[in-house]
Number of protein chains: 2
Amino acid sequence: MFEARLAQGALLKKVVEAIKDLIEDANFDCNSSGFSLQAMDSSHVSLVALSLRADGFEHYRCDRNVSMGMKLASLSKILKCANGDDAITMKSEDNGDTITFMFESPEQERLSEFDLKLMDIDSEHLGIPDNEYDATVKLPAAEFQRIVKDLSTIGDTVEISVTKDAVKFGTTGDIGNANIMCRQNKAADKPDESTEIDINEAVSLTFALRYLNSFAKATPLSTHAVLKLSKELPILVEYHIPEVGRLAFYLAPKIEDEDSMRD
Amino acid sequence: MFEARLAQGALLKKVVEAIKDLIEDANFDCNSSGFSLQAMDSSHVSLVALSLRADGFEHYRCDRNVSMGMKLASLSKILKCANGDDAITMKSEDNGDTITFMFESPEQERLSEFDLKLMDIDSEHLGIPDNEYDATVKLPAAEFQRIVKDLSTIGDTVEISVTKDAVKFGTTGDIGNANIMCRQNKAADKPDESTEIDINEAVSLTFALRYLNSFAKATPLSTHAVLKLSKELPILVEYHIPEVGRLAFYLAPKIEDEDSMRD
DNA sequence: TTCTTTGTGG
DNA sequence: CCACAAAGAA
């Protein structure tokens, strides 16, 4: 059987809120080392990878590897019934066709159980290469969310350019264009507001803002978002979940349409 | 004539907000002992009973018994024009065809008057038997509201089971099923959060969540909701209005469909 | 506090 | 089937 208890149930609520707009249904894979998910979004453009380590749970038991297919809209409905301060226990029998979510209020006065029917989902388990990246930018998650939201009001794509000591986000649209630049700033006094850049080579890549906006739904999970970029590779947008794991998103860059540049 | 002044006008506002979704028009009955209403909801499934005692009013005068038919949507419109801290005076001449609502701001700086046309409504005055109940559950009103709201996202009906020291709310739906259990807990330190169970016999009854959700609109009137259940009898959901009276709702249980159980 | 979402009434 | 209002989310 599989059984895992998360003292901070709010984490699970936030994770599901962050990915449910991107993915309709997904397999959650459980093994002795933890609880994870990998899935392409519905339009097969971006990829979501969640991993929660076994040791991030208050209690974790997984007798044999299982893959549990869930409809994320249903899962979200159920998790909305948990209070933010509830502890959440997930439980599933081997070969069972449901997963049980138990919510316990801090004083244990109220105990709720929700059984979610599992479903069979074909999933192509994509191996994600563990790349070295040309540039890594760590910036406050709220700031990243604000930037992609603001730029979305102007254009559809964003060009992210990273240089040694600044990252620039630029877009162009019908009404004009916009550029937002964030300087490196290792604010030691306010670590939550630091912006750090680690670079091997300057890169400049263009992405669809629509997906970055979806990724930014993970903002409540972490103080910082980490962007990793390499020429011609998908961007990796990572949210570290303190003590427990991480939620990561991959999105391929827009290839410059060179038709207009040919002579 | 009839004249009654309620210092806490907010009470009247809340009462009308709580019942206007259930009832379109109703007769308000006034006599020397108080102000009351009894009506079936529009679909003739549930029953609403309001009573405000004469001594709950700052001033109360009722020369002869009158029954005043009002359209609740209109009454609600009018009461929305009162501030929460206004005192409300209701006034109606005997044989008059209107009722006047006077709103006075706490400093008497602002005084408003609204006349509402009365209407003739046939009302079957149902005698409500004053039953002894098998089980009484008193729980925080907000918690009851939350439970019926959460369960509504999963299913259409709820099975309420009361045992000596806990009350269980269960439902089943397409995506799975749910159970919420509240333990008895006479929290002496936080009386507003206490859950108390008084039981003669364990009961388990099933109700349409839709109506319970409507009943829960009365939540702002009281810290606690009181559920009274007996086998095969309608559930009574009561909200005590401190110092003034009570708002009660009755709903018949779903009879188990035994077709599927016949051999 | 504002906006989006959902349920209800016409 | 459409529009409004109340409720929840940001």
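**Helices, sheets and cysteines in a predicted model**

The buried residues of helix H2 of chain A pack against helix H1 (9-19) and against five strands of chain A, namely S2 (25-31), S6 (66-71), S7 (87-92), S8 (98-104) and S9 (110-117). In this predicted model, H2(A) spans residues 72-80, and its buried residues are Leu72(A), Ser74(A), Leu75(A), Ser76(A), Ile78(A) and Leu79(A). A general point helps in reading such a list: an α-helix has 3.6 residues a turn, so residues three or four places apart point the same way.

The surroundings of this helix fall within a stretch named in the record. An unreviewed UniProt entry annotates residues 1-123 of chain A as "domain: Proliferating cell nuclear antigen PCNA N-terminal". Over that stretch the chain is 16% helix and 47% strand, with the end C-alpha atoms 22 Å apart. The annotation "domain: Proliferating cell nuclear antigen PCNA C-terminal", again from an unreviewed UniProt entry, covers residues 127-254 of chain A. Here the composition is 15% helix and 46% strand, and the C-alpha atoms at the ends are 22 Å apart.

The sheets are conveniently followed in chain B. An open sheet of five strands has the order S5-S1-S7-S8-S9 (chain B), with antiparallel pairing. Strand S5 (59-62) and strand S9 (111-117) of chain B each have a single partner strand, so these two edge strands each keep one side without a neighbour in the sheet. Neighbouring strands of this sheet are turned by 15° against each other on average, direction ignored. Within the sheet, strand S1 (residues 2-6) and strand S7 (residues 87-92) of chain B run antiparallel and are joined by five bridges. Glu3(B) has Lys91(B) as its bridge partner in S7(B). Helix H1 (residues 9-19) of chain B lies across S1, S7 and strand S8 (98-104) of chain B, at about 70° to S7(B).

A second open sheet in chain B is built from nine strands, in the order S6-S2-S3-S4-S18-S17-S16-S10-S14, and its pairing is antiparallel. Its edges are strand S6 (66-71) and strand S14 (196-199) of chain B, each of which pairs on one side only. From one strand to the next, the twist averages 15°. Strand S2 (residues 25-31) and strand S3 (residues 34-40) of chain B run antiparallel and are joined by four bridges, and Cys30(B) stands opposite Phe35(B) in S3(B). Helix H2 (residues 72-79) of chain B packs on this sheet, where it touches S2 and S6 of chain B, and its direction makes about 85° with that of S6(B).

Cys30(B) also leads to the question of disulfides. With a cut-off of 2.5 Å between cysteine sulfur atoms, the count over all chains comes to zero. For Cys30(B), the closest cysteine sulfur belongs to Cys62(B) and lies 5.5 Å away, which is too far for a bond. In chain A, the sulfur of Cys30(A) is 5.4 Å from that of Cys62(A), its closest cysteine sulfur, and this too is too far for a bond. Cys30(A) counts as buried because its relative accessibility is 2%, and Cys30(B) counts as buried at 2% as well.

Finally, the two chains can be compared directly. Chain A can be laid on chain B with an RMSD of 0.1 Å by a turn of 115° and a shift of 1.1 Å along the axis. This is the relation of a three-fold axis.

Technical notes. Residues numbered from 1 in each chain as written. Chains lettered and ligands numbered in written order. Predicted model: local features only at pLDDT ≥ 70, side-chain atom pairs only at ≥ 80, totals over all residues. Heavy atoms only, no water. Least-squares fit on C-alpha atoms with pLDDT ≥ 70 in both. UniProt positions renumbered as here; feature names shortened; annotations may be inferred. Buried < 20%, exposed > 50% of the residue type's maximum accessible area, 1.4 Å probe, protein only. Pairing = 2+ DSSP bridges. Axes fitted to C-alpha atoms, helices over the stretch in contact; angles between N-to-C directions. Contact = heavy atoms within 4.5 Å.
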